[in-house]
Amino acid sequence: MTYDGPDNADQARLLRLLRDDGPRSRVELGDAAGLSRARLVAEVDRLVALGLVETAGPAASRGGRRSSLLRIAGAVRFAGITIGPREIDVAVTDGELSVLARRREPVDVRLGPEATIARTLELLGKVRANLGLGRLTGVGVALPAPVAFREGAPVSPPALPGWHGYGVRDALAAELGCPVLVDNDANVMALGEQHAGTGRAFDDFLYVKLGTAIGCGLVLGGALHRGATSGAGGIAHLRQSDDGPTCACGETGCLEAYCSDEALVREALAAVEDGRSPVLAARLAEAGALTVADVGRATVAGDPAAQTLVRDAARRLGRVLVGLVNFVNPGIVIIGGTAVGLGPTMLAEIRSVVYRRSPPLATGNLPIVLSDLDDTAGVVGAARLASDDVFGAS
Ligand SMILES: [Zn+2]
């Protein structure tokens, strides 16, 4: 069976309604889509013939009238994949993007794209075998890198040495025989928030992704905004000072060089060196190295040096956000990707800076929150990326 996409914008809208809101009766679906009864019947018949929609059990009946529910067909299956600097995360979802099975494995992306893609396919193969799944409807992939969206390839990615220009989309599509979409991880996680997180209730929001690399996904008017050359949201290398720490990109003083996990660890080591943090010094002596999780634990434990370095990083991020929220005027700012223990301290400092430094029109009712998704924003967002393409009007 092939999965031809919808024929027209009405069919695309019906598919997205069923994906986002779950099974509906014909009447409800027709009302939500604003279609006449005759038109709805014709479009639904076509979607059933395409294998994209099916009839579920009967809806609750009243007064003897029975109507059946429509839903995305059970044969529709998406894969959401995130390739991180240290881990591959693969999930297969149903047509409503609920995760059916998931596996994660450590990876060293410095081995290059061919080896990493081969590992990814192997892992996806295991997940499909567990589910007894034949064909995939579409696959979405998040990379920790700037991605030329139309080409499906990373562009000068500091976190992915040797991957520049590599056709990740084409390599995977050739193996899998279905549509494959590739995007930057911050964009993909913003889509995850839009589908299953706090972002669901907002048409305009910013998703700020922290961690090893920093990025920002912009959802404007209900759609992800990539910009003219898919570079929108690239806040990582905004220069904060001329003589700051060296960044992974080779420049100095970038936001990421102050706020990434690696930057926090660097500052933590400096605090140990200066004798400012007995807590982190003890951890270093015990483990032989410090991680961002250690910084998080020290922050939660009330270590003043750890709290100060986390607040310093958050303040810089907050200053950048002042510019962004005034320019974009989002309905909410969602912060994700922070290591365990760091979120509340970072959030408090970011809020303080943004609310103090912004005029009331942009921030009067602006919530700034931590993501309420656990670590599923990436895989769900990647599945959403694929579904947006497959459920788009051709
Ligand atoms: Zn940089």
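A nonpolar core is a set of buried Ala, Val, Leu, Ile, Met, Phe, Trp, Tyr and Cys residues joined through side-chain atoms within 4.5 Å. In this predicted model, the largest such core has 41 residues. The protein chain around this core contains 14 helices and 15 strands. This briefing presents the overall form, the cores and several individual residues.

**Overall form**

- The radius of gyration of the protein chain is 23 Å, which agrees with the value near 21 Å that a compact globule of 394 residues would have.
- The C-alpha trace spans about 75 × 50 × 40 Å along its principal axes.
- Of the 394 residues of the protein chain, 52% count as buried.
- Among contacts with a separation of 6 or more, 61% join residues that are 24 or more positions apart.

**Surface and charge**

- The protein chain exposes about 17000 Å², and carbon and sulfur atoms supply 52% of this area.
- The chain carries 40 positive and 45 negative charges, and the mean positions of these two groups are 5 Å apart.

**The nonpolar cores**

- In the largest nonpolar core, the residues with the most contacts inside it are Val 208, Leu 321, Val 333, Ile 335, Leu 342, Ile 350 and Ile 368.
- Both helices and strands contribute: at least two residues of this core come from each of β11 (205-209), β12 (215-220), α7 (255-259), α8 (261-273), α10 (292-300), α11 (304-328), β14 (332-336) and α12 (343-357).
- Helix α11 gives the most to this core, with ten residues.
- Another core, of 28 residues, lies apart from the largest one and includes Val 90, Ala 101, Val 107 and Leu 143.
- Val 333 touches Leu 206, Val 208, Leu 321, Val 325, Leu 366, Pro 367, Ile 368 and Val 369, when residues up to four places away in sequence are not counted.

**Ile 235, a buried loop residue**

- Ile 235 belongs to the loop between β13 (223-224) and α7.
- Ile 235 has a relative accessible area of 5% and is therefore buried, since buried means under 20%.
- Beyond its neighbours within four places in sequence, Ile 235 is in contact with Val 208, Ile 214, Gly 215, Cys 216, Leu 255 and Leu 324.
- Ile 235 and Ala 153 are 82 residues apart along the chain, and their C-alpha atoms are separated by 20 Å.

**Arg 103, a partly exposed strand residue**

- Arg 103 is found in strand β6 (residues 99-106).
- Because its relative accessible area is 32%, Arg 103 is partly exposed; this class lies between the limits of 20% and 50%.
- Apart from neighbours within four places in sequence, the contacts of Arg 103 are Ile 88, Asp 89, Val 90, Leu 123, Lys 126, Val 127 and Asn 130.
- From C-alpha to C-alpha, Arg 103 is 12 Å from Arg 119, while the two are 16 residues apart in sequence.

**Two residues with positive phi**

- Most residues other than glycine have a negative phi.
- Leu 97 has a phi near 70°, a positive value in a residue other than glycine.
- Leu 97 lies in the loop between β5 (87-93) and β6, and its relative accessible area of 4% makes it buried.
- Ser 230 has a phi near 55°, also a positive value in a residue other than glycine.
- Ser 230 is placed in the loop between β13 and α7, and its relative accessible area of 17% makes it buried.

Definitions and conventions:
Residues numbered from 1 in each chain as written. Predicted model: local features only at pLDDT ≥ 70, side-chain atom pairs only at ≥ 80, totals over all residues. Heavy atoms only, no water. Helix = DSSP H or I, 4+ residues; strand = E, 2+ residues; numbered from the N terminus. Rg over C-alpha atoms; globule rule 2.2 N^0.38 Å. Buried < 20%, exposed > 50% of the residue type's maximum accessible area, 1.4 Å probe, protein only. Contact = heavy atoms within 4.5 Å. Areas by Shrake-Rupley, 256 points an atom, 1.4 Å probe, with all protein chains shown as cover. Lys, Arg positive; Asp, Glu negative; His and termini not counted. Charge placed at Lys NZ, Arg CZ, Asp CG, Glu CD.
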